[in-house]
Structures are given as C-alpha cells and as structure tokens.
Amino acid sequence: TFFLLRGMEDLKKRVVPLLPGRSRDDILRIVNKIDQAVSAFFRGRLIVCTNCALITWVGLWIIGVEYAFLFGILIGGATIIPFLGLAFLAPALLVAYLGPGGTVWAVVWTILLYGFVQGLEGSVLTPVILGREVELHPVILILAFLICGKVLGFIGVPLAVPIASIAKILTAEFVMPSVE
C-alpha cells in the first residue's frame, strides 16, 4: 500500500495517455471517486485505531497496568487488522499479573477491557466512523463485513469497506446513472 500510494502520481501520468480518448474523462472521474473513497477509508481506520488506543490506554491506566500507554498504542494500532491486538494482549496480561501491584483482578479487568474495546470497535466505531467517512450506512458496512468475510475469508474483513465503497461508486456510475 505504501509503495502504491507513493508512486500513484507517476502511475497516473503513465496510464492516462493509454486510455481511450473519448472515454478518458469518464474513466478519470470514476478513478478519482474511487481514490477519494479509499483515502476516506484509510482516514476512517486511523480515527478508529486512535479511539481504540485512547480507550485502551485510559482503561489500562485506571486498572493500574504498568506501561499502559505503550499497550494502549500497540493494542489500539493493531485494531487495523482484526484480532491482531491479541498479540499484544498476552504481554499486557503478564504485566497486569506480574508487574508492580499485579493481581488476578487486574488480569480479569484487562481481559474485560479488551473485550469491551473490541466489541465497541466492531459494532460502533467502525460502522459509524467508517460509514461517515466513506458515506455508507452502518448497516451496509456490517453486511459488507459479513459478506466479504464469508466470501474472501479472513482477508475479506479488512477489505470489506473499500470493496463496498467501490461497489457503490460503480453501481452509481453504471447501474443507476443519474440523468443530467
């Protein structure tokens, strides 16, 4: 993604002359809409990850887990890929139990906090924030997650929003074009 985004302008300059002349403006307009939707998706994911990081950090700080800020950033940032936060939850649980003032209750509260953040991210933050950013209704996004997850497996979940956005744009352009 990094290299694609970095080289996109150069790619556009090389591809535009190859497009058919009479369709060039239409193709560029559609590609621009898709580019804006994908940019909105990344912006929305960044907002969701930031919210998850803040909630996790504050929650771990209240519980009294040492390195709460670090674990908040790691677990929150890992929410960009579903369930990747589990990789950072295990060390957080060890610190909650073995760290200064660590108890079994700190471990239980940390597990509950992680479950809360994941539930909030999956059922509220992602559908609402991403839906607003990419201009799709939250119900459509939830359906996109379910369908893409079923059809494409694990990789379909992170790709669901861009796929739904592109499908919306292409449907508006080719299936139900507006009369001007």
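In this predicted model, the largest pocket has a volume of about 690 Å³. Its lining comprises 27 residues. Closest to the centre of this pocket are Arg45, Pro82, Phe145, Val157 and Pro158. Four elements each give two or more residues to the lining: α3 (24–63), α6 (104–134), α7 (138–152) and α8 (156–175). The top contributor is α8, which supplies seven residues. The lining of the largest pocket is made up of 20 nonpolar, five polar and two charged residues.

The second largest pocket has a volume of about 480 Å³. A set of 18 residues lines this pocket. Nearest its centre lie Met8, Leu11, Lys12, Val31 and Asp35. Here the elements that give two or more residues to the lining are α1 (2–6), α2 (8–15) and α3. The largest share comes from α3, with nine residues. By class, the lining of the second largest pocket divides into 13 nonpolar, three polar and two charged residues.

One helix, α3, recurs in both descriptions. It gives two or more residues to the lining of the largest pocket. In the second largest pocket, α3 provides the largest share of the lining. In the largest pocket, the most residues come from α8. Nonpolar residues number 20 in the lining of the largest pocket and 13 in that of the second largest. Charged residues number two in the largest pocket and two in the second largest.

How values were computed. Residues are numbered from 1 along each chain as its sequence is written. This is a predicted model: local features need pLDDT of at least 70, side-chain atom pairs count only at pLDDT 80 or more; totals for chains, interfaces and linings use all residues. Side-chain values use heavy atoms; hydrogens and water are left out. On a 1 Å grid over the protein atoms alone, a cavity is a set of points where a 1.4 Å probe fits but cannot get out, and a pocket is an open set with protein on both sides within 12 Å along at least five of seven lines; lining residues have an atom within 4 Å of a point. Grid points are joined across faces, edges and corners, and a volume is the space filled by probe spheres set on the points. Ala, Val, Leu, Ile, Met, Phe, Trp, Tyr, Cys and Pro count as nonpolar, Asp, Glu, Lys and Arg as charged, and the others, Gly among them, as polar.
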